[in-house]
Amino acid sequence: MTRSRIAGIGMYVPEQVVTNQDLTKYMETSDAWIQERTGIKERRYAHRTEETTTTMGVEAAKIAIERAGITPQDIDFIVFATLSPDYYFPGCGVLVQRAMKMKEIGALDVRNQCSGFVYALSVADQFIRGGMYKNVLVIGSEKHSFGLDFSTRGRNVSVIFGDGAGAVVLQPTTSDNQGILSTHLHSDGESAEILAMYNPGTHANHWMEQSLAAFDEAEIGQMFMSHEMIDKAQNFPFMDGPSVFKKAVVKFPEVIMEALDANGCTPADLKLLIPHQANLRIAQFVQQKLGLSEDQVYNNIQKYGNTTAASVPLALCEAWQNGKIQEGDLVCLAAFGSGFTWASALLKW
Ligand code: ACO
């Protein structure tokens, strides 16, 4: 049976370290509040003008491609996951194709926010299993720092997010002891507005009217982009944190167990769980609920914050670089986020 395996993995984080203390220059917050609620100590911010979501993705991709022992010209499909694309359109995939001087291959962008990378990996996995492609590049990258509200008004969201990128190259394998065993994808659009960036967008208040009561400050404009929207900070992400927390702590364990059950495995069989780095409290809750030891869960949100579509490949790459994953180890990737969407992938390294 043909499966896909991760043949190469890479990560990139920008040089600039921004501590919690640094954020107190812009907003009323504190290192103690941020660490207690999220576990985050610092995050990285991209260079304002010289780095973009695509350029960071390219840096991670270069490493993944080299480690796979191939060249950019060998890649035959790109899947790029991000919520902070360089342009509203076209997507970042084509910009990677151009920057890396690849052949005129297919390039697809995935807009699934925090679960974007696991969704992208699943898409790539299907192309490999089906025999259509041999070298698929999957990237998760975010430049959040360009689109956050750094005033006290936006502090519940802005302190959480950071910039960075991760990438993998998937190739086919027929080995029983290696590769992606299964992927599991879910969504529930009922709560789409709970964690969202409303504008610019084409909704013209269509969806919001049913739920405006929940957003007393949110008087969403009728136009695609207006001065009023900017004045009211409607061009920044909105998050009802407690509601996200409640759903995440149910869906994370559920989708991890779904992956384990589908392959006749138990939490005890896991060498490492790589959860989307949403919030250290969520990861700790999931660890406890599944009866996993601290050694079985990899967290690096303390250093990078929540990097959305980049968080899973960043954590996976770092865990591997730190010697936490060896050949044949059972690894579960799991994510939950805006949409809501959630997903898992079980693989043998
Ligand atoms: N610094 C200081 N005070 C703050 C900050 C801040 N950065 N942000 C909010 N506060 C204040 C609020 O103003 C509020 O003050 P008040 O009680 O005087 O009104 C108080 O802290 C509590 O605010 P809440 O929004 O209720 O904060 P909560 O305790 O829920 O913590 C948090 C916020 C950490 C986001 C929490 O809701 C949470 O863990 N949510 C899970 C969602 C999550 O982690 N999302 C990550 C991104 S989405 C994803 O990846 C899936």
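This report covers the overall fold, the ligand site and one exposed helix residue of a predicted model.

## Overall fold

The chain has 11 helices and 13 strands. Its C-alpha trace spans about 55 × 45 × 40 Å along the principal axes. The radius of gyration is 19 Å. A compact globule of 349 residues would have a value near 20 Å, so the chain agrees with that expectation.

Burial can be put as a share of the chain. Of the 349 residues, 56% count as buried.

## Where the ligand sits

The ligand lies between two domains, because both give residues to the shell around it. Domain 1 covers residues 3-173. Domain 2 is made of two segments, 179-192 and 238-348.

The shell holds 24 residues. Of these, Thr29, Arg37, His276, Asn279 and Asn306 come nearest to the ligand. By residue class, the shell divides into 13 nonpolar, 8 polar and 3 charged.

## Polar contacts and cover

Arg37 makes a side-chain contact: one of its polar side-chain atoms lies 2.3 Å from an oxygen atom of the ligand. Gly241 uses its backbone instead. A backbone N or O atom of Gly241 lies 3.1 Å from a nitrogen atom of the ligand. Pro242 also contributes through a backbone N or O atom, placed 3.3 Å from an oxygen atom of the ligand.

How much of the ligand does the protein bury? Taken alone, the ligand exposes 1,000 Å², and the protein buries 72% of that.

Four elements give two or more residues to the shell: α2 (31-38), α6 (155-158), α8 (241-262) and β12 (330-337). Among these, α8 gives the most, with 4 residues.

## Gln288 on helix α9

Gln288 lies in helix α9, which runs over residues 280-290. Is Gln288 buried or exposed? Its relative accessible area is 63%. The cut-off for exposed is over 50%, so Gln288 counts as exposed.

Gln288 can also be placed against a residue elsewhere in the chain. Pro253 is 35 residues away from Gln288 in sequence. In space, the two are 9.9 Å apart, C-alpha to C-alpha.

Notes: Residues are numbered from 1 along each chain as its sequence is written. This is a predicted model: local features need pLDDT of at least 70, side-chain atom pairs count only at pLDDT 80 or more; totals for chains, interfaces and linings use all residues. Side-chain values use heavy atoms; hydrogens and water are left out. Buried means under 20% relative accessible area, exposed over 50%, partly exposed in between (1.4 Å probe, protein chains only). A residue is near a molecule or strand if one of its heavy atoms lies within 4 Å of it. A polar contact is a pair of N or O atoms within 3.5 Å; within protein, one must be able to donate a hydrogen and the other to accept it, and residues adjacent in sequence count only if both atoms are side-chain atoms. Accessible areas come from the Shrake-Rupley method with a 1.4 Å probe; for residues, only the protein chains shown count as cover. Ala, Val, Leu, Ile, Met, Phe, Trp, Tyr, Cys and Pro count as nonpolar, Asp, Glu, Lys and Arg as charged, and the others, Gly among them, as polar. Domain bounds come from an automatic or database domain assignment. The radius of gyration is taken over C-alpha atoms; the globule rule is 2.2 Å times the number of residues to the power 0.38.
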